[in-house]
Amino acid sequence: MRPALFFGRALRTSPQENLHFGAPRHLSRLAVGSASCLPSCTTAPRRFSSSRPRAPSVLRLRATSVLRPSRIRPAHRSAPATVGATRSAATMNGPNMPARSKRKEPPHTAIDNRHPKHLRPNGDLAAADETTPDTHDDFDAADDNYDDFDDSALMARLPAGPDTAEWQATIEKVVCNVVSIRFCQTCSFDTDPALNSEATGFVVDAERGYILTNRHVVGSGPFWGFCVFDNHEEVDAYPVYRDPVHDFGILKFDPKAIKYMPVAALPLRPDLAKVGIEIRVVGNDAGEKLSILSGIISRLDRNAPEYGEGYSDFNTCYYQASAAASGGSSGSPVVNIDGYAVALQAGGRADGASTDYFLPLDRPLRALKCLQEGQPITRGDIQCQFVLKPFDECRRLGLTPTWEAKMRKAFPKEANMLVAEIVLPEGPSHEKIQEGDVLIEVNDEMITRFIRLDEILDSSVGRPVKLLLLRGGKEVEVNIEVGDLHKITPDRFVSVSGGSFHNLSYQQARLYGVACKGVYVCEAGGSFRVDNADNGWLVQSVNHKATPDLDTFVEVVKDIPDKARVVLTYKHLRDLHTLNTTIIYVDRHWSKKMKLAVRNDETGLWDFSSLADALPAVPPVPRKASFIQLEHTSHPAVAELVRSFVHVTCTMPVKLDGFPKNRKWGMGLVIDAEKGLVIISRAIVPFDLCDITITIADSIVVEGKVVFLHPLQNYAIIQYDPKLVDAPVLSAKLSTEEITQGVSTYFIGYNRIGRIVHAATTVTEIFAVTIPANSGAPRYRAVNVDAITVDTSLSGQCGSGVLVAQDGTVQALWLTYLGERSPVNHRDEEYHLGLATPTILPVVSQIQQGIVPKLRMLSVEFRAIQMSQARVMGVSEDWIQKVSVANTAHHQLFMVTKRTFERQEQDGDALLESDILLTLNGKLITKISELDIMYSHEILEATVVRDCQELQLKLPTVAADDVETDRAISFCGAILHRPHHAVRQQISKLFSEVYVSARTRGSPAYQYGLAPTNFITHVNDQATPDLQSFLGAVIKIPDNTYFRLRAMTFDSVPWVVTMKKNEHYFPTMEWIKDPAEECGWRRVTYEGGQVIEGEGPDGIIPAAEESTVMDVDADGGV
């Protein structure tokens, strides 16, 4: 079977195979005057190397995307602009868990079998610089049983050149009924990830305001969107029906809101679909404002295309034609020459062929009539998937000559029969129908078509039907009670502790061939982010209590207090043979409410209610433990150091400062056991809006809090309550002597699986660390500090550890350093390097004395230069000679490479780029560690060389107290705060104190292109120089109304974006650092004109956005 696609939605990427959106083959495009169905959307320029903004996404996204082999593209999923970045968060491919389908593999499976849905992306032009990279959807290819018919011969029947006058008149009428749909699926639900996209629909009832489109556009979860008519009038739209199985949904809009053009309906005529008729697909194709694609229907009897692990239609036939539609055309009407809609565009092949797949309109027409008459849309099902198979294959399955003769006589034009493909365990058909059974009759009526089977089942909900089957040539008659399809389609979800859950859907159950029951994790975030970022888990038990359904799950979780550690068991849908067990930390303090969201088909919204408030945390009690003994070491003092190591986990509920992860872990080193002080890398604890848990002796788990964050040297000091620990914890003895190159030392580290490894080694190099800046998403990085490397392969395997002398004295910490994001694989690079202990002693000493360190620093970044370079830049021979005497190991000086922008201009002299520093306070500076003098002086007397001239300067230092973020605002799915230190290190001017640090998939910020690294300068022409003025401006904006933002990119390019506010799903929230709060931060919600302390009544859990690697890295820290 050949690959197919869904028209209009996000595609997940992988570097193995291209999905081309270029010029289609055998394609007739017709221009219809200046009429357009889709206005170009405003998209923010993103942070990139050029100083010019990128073109709007409507023009950009007609680019090559990539998919895995054997994957299919959905016609509406948005094609990612960044290729090659497969992300586990949504692929549902866990570690060591190869994807496999429970379906029978069809014969002659091609490598690139994919059926793409045709969705057009909005706002998700991921560059390697974004802090909230897009997660694109992978779709496993599941093939049909025979290849698609070759449509190329039929294309010869199409008239060459312009359309006839009759076709032109038809198109002119049709385009007025077609709308562009811009929408957000605001959170992950069932098979749908959170996303922003655009697609097509068409008016089917102008009086009531009904629009027909695809189900994969409407989605199964929360939807927020609007429609744009041909004359560019815009109107809000909301779902009133999405079919549980078939790929259609119905949106509703207010016809009175369209004032400048008559609104007409396009009649639905499923009876006019015939093989050989010429058709036009009218809609938003490949991001064009309006495209009219021509084709000829070649088949009416193909099985529904399979879209892999995402949503797929089934138990229906599809039409096949050659029209070569692509992204954005999901939901387009397929019209005949008389202007009737004969089918609905849904998907097509992704291998460059021009084959498309259309949904018949029989069931959409029935649903529309039910809505028009105010009748419920009953949907019946027996939890059995049938497929069409030709007579020759049915013979091999047991079709007898007698029945074949009867069927051919009754249905002379039919060549297929319905055969059972998947029977769900514990469903109505279980143990009554078997895979391979050939369906002969239903209620004594011979059946060969899906449409008639649907009619019977939909009219028989709650009643039995009689089926006559052929099984291996024998007749089998069974009575099966028809179930309500709506009851096994989730219409609610529960959010708690950062995760979202609902009952397993029929869609997922059929996909994996499992019983339609269980608690499905649709958003595996927060406390329920287990093992990796995959969704697709079924919760088996929580806190040793079984959770067979959502109601039981709610009752169990209700009774778990905040900060409890409980056992969670779960299975993945791909591997129900394996029961996974883990221990989770239940967070009920950052998000205190357990919320229930229920779909409301009257308003189109999901209504939120609170199920339970958090139970207070149980006070911790002291615990006793002992440490392991390190074996096979020749030095007992070295072995004793095991008692100084602790395991640290840091979880961040909000993404700040461009940090790419939500959770990290590493090993910390206890530097004061009496006070409970631990030192660890800032790559593990990047800021203090977090939860820290410290595990001592692999036994005792205690809470930690941030005491100190060093602004430059890549370490943090955290603290636990030592009264809770009854264990022989040892304070590490820190060396006061600098470690030198070539010295022998002992390396003790923790590898990627948390095991201690050790080896004798030698210091190979000591150098000034020069970690590249992340040009697209500035985040914390170490500068102006020496780094150490050692001669052992263990150093690359361990992100945590120490270098220790024979007497047990710690000579250096072994830390993880967060680096840049790779432009090749889009991974965040990490470096494992040593930090000499004398560097940290002054800060440690003050903290031990109960003094909060008040550091000062020079607002510049230095780089080492050799004497050959220094001579060219004007350093005299006298100074070069002094350097060779002062530092015999490294003949180097330091040059200013970058100045940090300071908010307030300093009095006195200043260092400039390319200045070469000779002395500070009379001391020649030849080692980066000698710069530490700046931390304790307000004024430094410096000798520098500038433009070949030697100058004497008095350099003021700046306080490091104001470096860390202490306030953040969440608005329309974007996280905003003051530009953090890493931003000021890379920029020469601050355009505003309102900086976009991150954004959420499925949000207005994502929809309209407000990207990380943007600065917001005005809201509705009101200047917003700081967070307070910005907050005051945005809380005045009424809900669901447009407003204007003026912004500046990181590269000084101004731009304007219009956005629509959405408080229901994305209320405005403020996070304020407050030492009086138990967590150190408090939360304020602004919703509906009210100021609410804490969490508001509405709002969803943001979709998890991470880098392409797992959140919980298996290394890092000290």
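Is helix α19 mostly covered or mostly bare, and how many of its eight residues are buried? In this predicted model, α19 spans residues 1027-1034 and is mostly covered, with six of its eight residues buried. Those six are L1027, S1029, F1030, L1031, A1033 and V1034. An α-helix has 3.6 residues a turn, so residues three or four places apart point the same way.

What do the buried residues of α19 pack against? The partners are strands: β57 (967-971), β58 (974-977), β60 (1015-1019), β61 (1022-1023), β64 (1068-1073) and β65 (1081-1087). The N-terminal end of α19 has a cap, and D1026 supplies it. A side-chain oxygen of D1026 sits 3.3 Å from the backbone nitrogen of Q1028.

As for the chain around this helix, the protein has 1118 residues, and 64% of them are buried. Its secondary structure comes to 19 helices and 66 strands. Taking contacts between residues at least 6 apart in sequence, 72% join residues at least 24 apart. The chain's accessible surface is about 40000 Å², and carbon and sulfur atoms account for 50% of that.

Turning to the loops, which aspartate lies between β51 (892-899) and β52 (916-920)? That residue is D915, and it counts as buried because its relative accessibility is 1%, against a cut-off of under 20%. Leaving out residues up to four places away in sequence, D915 touches F894, M895, V896, A910, V945 and R946. One of these, V896, is 19 residues from D915 in sequence, yet the two C-alpha atoms are 5.4 Å apart. The side chain of D915 also has a polar atom 2.8 Å from the backbone nitrogen of L912.

Two other loop residues stand out for their backbone angles. N315 is not a glycine, but its phi is positive, near 55 degrees. N315 belongs to the loop that runs between β13 (291-303) and β14 (317-322). Is N315 buried or exposed? With a relative accessibility of 10%, N315 counts as buried.

K563 is also a non-glycine residue with a positive phi, here about 65 degrees. Its loop connects a helix and a strand, lying between α11 (550-558) and β31 (565-572). Why does this lysine count as buried? The relative accessible area of K563 is 15%, and buried means under 20%.

Methods:
Residues numbered from 1 in each chain as written. Predicted model: local features only at pLDDT ≥ 70, side-chain atom pairs only at ≥ 80, totals over all residues. Heavy atoms only, no water. Buried < 20%, exposed > 50% of the residue type's maximum accessible area, 1.4 Å probe, protein only. Helix = DSSP H or I, 4+ residues; strand = E, 2+ residues; numbered from the N terminus. Contact = heavy atoms within 4.5 Å. Polar contact = N/O pair within 3.5 Å; in protein donor to acceptor, adjacent residues only side chain to side chain. Areas by Shrake-Rupley, 256 points an atom, 1.4 Å probe, with all protein chains shown as cover.
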